[in-house]
Amino acid sequence: MTSTNEYKFQTVITIPLTNEERDNQTINEEHAGAAVAAMYRDGIVVLENAVNVAHVDKLNQILTSEAETLASLPTTHFNNNSKGAGKTGNMSQAPPVTNDLMYEDIWANGPASSVIASILGPTPHVIYVNGNTNLGGFGGVRQNVHADLVCNHATHPFAIVANYYLIDVSPANGSTELWVGSHKDTSYADHKNSTGTFNESELGIRDDLLEERRKWAPPIQPTVKKGSVVLRDLRLWHAGLSNPSKEHRIMLAYVHTPWWYKCPAVVVLPEKVRELVDSWAARKQHPVVYHAHYVPGHIDHKTIEFTPVFESGNESFNAFLPELPKPKTAAEGEQTQNMSDKLDALKGATVQEVAV
Ligand SMILES: O=C(O)CCC(=O)C(=O)O
Ligand SMILES: [Fe+2]
């Protein structure tokens, strides 16, 4: 290792929970304290042994068996935010939305909710549920380094995603590239698209900033056991890398925001799961609220739309957002307008009634 690799925080903190914590869906003070500290310092933390692996295996079996069909559907969204929009083999794949498969230790994991509420405030709101499948045997290209944000944002914690890998992951099967600590000292001005463009191939962090940071804090790819929940500050720079293995690597994603954030996004769910979802909001310990939009009948999770809208609808909060550089040219100004139109369209899509 060269001296540039000696940056002491270039690792992901993994906190192994006890079987008792997993079974009771609680987290003790020491573990919560370490997790909160790691989130502030590194922008990422792994709570290992937080989920019953039988639940993870069941979802992996279902989603893996559907992956190829999903990959061929015209409605499927591929996350090709890559150089020249090259094919990454990374597609959005949502989990099933039925009572028997919406496991509480994944949809409203106790230890994760407790840590998230310690940072974002009580009763976080889940505003996005989806998944990233890094197709095995695909040989795709890597994603651009990015943060999952396409609009101006705050410079303190305001959104945390809980990720669940459905198999053990490592560089050998395309674990996510992470730029540990990059959530600090970043703003939307660091994004290439902050003054306009909204081509997927151009989404990402400015190259000069990446090269500067790489010198002293190069990215890493973690090794994470299934049954873990990975908490990531939404501002953290990261990228999906190619999956060199034959097996599909699926990662579910649940985005949480503070109770006051007023994100316009909703999670479309069938009416039949309302009682279950309400029970997570009503529980005494670490309640979680879903921004649910209930529709009658059955929802085929293979047709759930990709709607990454993470901006706040709280005008008083938004008044504090940092000022962004102004578009330099009329063309850039026009692109900014197009981008905001696209965002509006995405917002509309979040309440569209899908596949009933
Ligand atoms: O699947 C992954 O490892 C990361 C994908 C990702 O970051 C994205 O599509 O935004
Ligand atoms: Fe991402």
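# Notebook: A117, helix α2, the core and some loops

**A117.** Leaving out neighbours up to four places away in sequence, I find A117 in contact with P122, T123, P124 and H286. I am working on a predicted model. A117 sits in helix α5. I asked whether A117 is buried or exposed. A117 counts as buried, because 21 other C-beta atoms lie within 10 Å and the cut-off for buried is 20 or more. I also looked up P258, which is 141 residues from A117 in sequence; the two C-alpha atoms are 8.2 Å apart.

**The chain overall.** I counted secondary structure next and got 9 helices and 12 strands in the protein chain. The chain has 356 residues, of which 41% count as buried. For contacts with a separation of 6 or more, I noted that 89% join residues 24 or more positions apart.

**Helix α2.** I took α2 as residues 29–42, which makes 14 residues. From first C-alpha to last α2 reaches 19 Å, close to the 20 Å expected at 1.5 Å a residue. I then listed the buried residues of α2: H31, A35, A38, M39 and D42. Why do they lie on the same side of α2? They cover an arc of only 100° around the axis, and this puts them on the same side of the helix. I kept the general rule beside this: an α-helix has 3.6 residues a turn, so residues three or four places apart point the same way.

Next I looked up what the buried residues of α2 pack against, and found β1 (14–16), β2 (44–48), α5 (110–120) and β7 (229–233). On the face turned away from the buried side, I noted the exposed residues E29, E30 and A37. After α2 comes G43, with a positive phi near 80°.

Before α2, I checked N28, in the loop between α1 (19–24) and α2. N28 is partly exposed, since 13 other C-beta atoms lie within 10 Å and exposed would require 12 or fewer. N28 and T18 are 10 residues apart along the chain, and I read 9.5 Å between their C-alpha atoms.

**The largest nonpolar core.** I asked which members of this core touch the most other members. Out of 76 residues they are V45, L47, Y164, V229, L231, V255 and V267. Strand β9 (residues 249–257) gives the most to the core, with 6 residues. I followed L231 further: beyond four places in sequence, L231 touches M39, I44, V45, A112, V115, I116, I160 and A162. One of these, M39, is among the buried residues of α2. As a general remark, nonpolar side chains in soluble globular proteins tend to be buried together.

**Ligand 1.** I listed the residues around ligand 1 as N79, N90, N132, N134, Q143, D148, T176, H238, G240 and M251. By class I have 8 polar, 1 nonpolar and 1 charged residues in this shell.

**V141.** I placed V141 in the loop between β4 (125–134) and β5 (160–165). V141 is partly exposed, because 19 other C-beta atoms lie within 10 Å and buried needs 20 or more. Setting aside neighbours within four places in sequence, I find V141 in contact with S82, K83, G86, K87, T88 and S242. A85 is 56 residues from V141 in sequence and 9.3 Å from V141 in space, C-alpha to C-alpha.

**F306.** I found F306 in the loop between β12 (292–295) and α8 (315–318). F306 counts as partly exposed, with 16 C-beta neighbours inside 10 Å. Not counting residues up to four places away in sequence, F306 touches H77, S92 and N130. F306 and T76 are 230 residues apart in sequence, but I read 8.4 Å between their C-alpha atoms.

**Positive phi outside glycine.** I looked at D185, whose phi is positive, near 60°. D185 is in the loop between β6 (177–178) and α6 (207–216). D185 is exposed, because just 10 other C-beta atoms lie within 10 Å and the limit for exposed is 12 or fewer. I made an entry for K262 too, which is not a glycine and has a positive phi near 60°. K262 lies in the loop between β9 and β10 (267–270). I counted 18 C-beta neighbours inside 10 Å for K262, and therefore K262 goes down as partly exposed.

Key: Residues are numbered from 1 along each chain as its sequence is written. Chains are lettered from A and ligands numbered from 1 in the order in which they are written. This is a predicted model: local features need pLDDT of at least 70, side-chain atom pairs count only at pLDDT 80 or more; totals for chains, interfaces and linings use all residues. A residue is near a molecule or strand if its C-beta atom, placed from the backbone, lies within 6 Å of it. Ala, Val, Leu, Ile, Met, Phe, Trp, Tyr, Cys and Pro count as nonpolar, Asp, Glu, Lys and Arg as charged, and the others, Gly among them, as polar. Helices (H or I, at least four residues) and strands (E, at least two) are DSSP runs, numbered from the N terminus. The expected span of a helix is 1.5 Å times one less than its number of residues. The arc is that of the directions from the helix axis to the C-beta atoms. Two residues are in contact if their C-beta atoms, placed from the backbone, lie within 7 Å. A nonpolar core is a set of buried Ala, Val, Leu, Ile, Met, Phe, Trp, Tyr and Cys residues joined through C-beta atoms within 7 Å.
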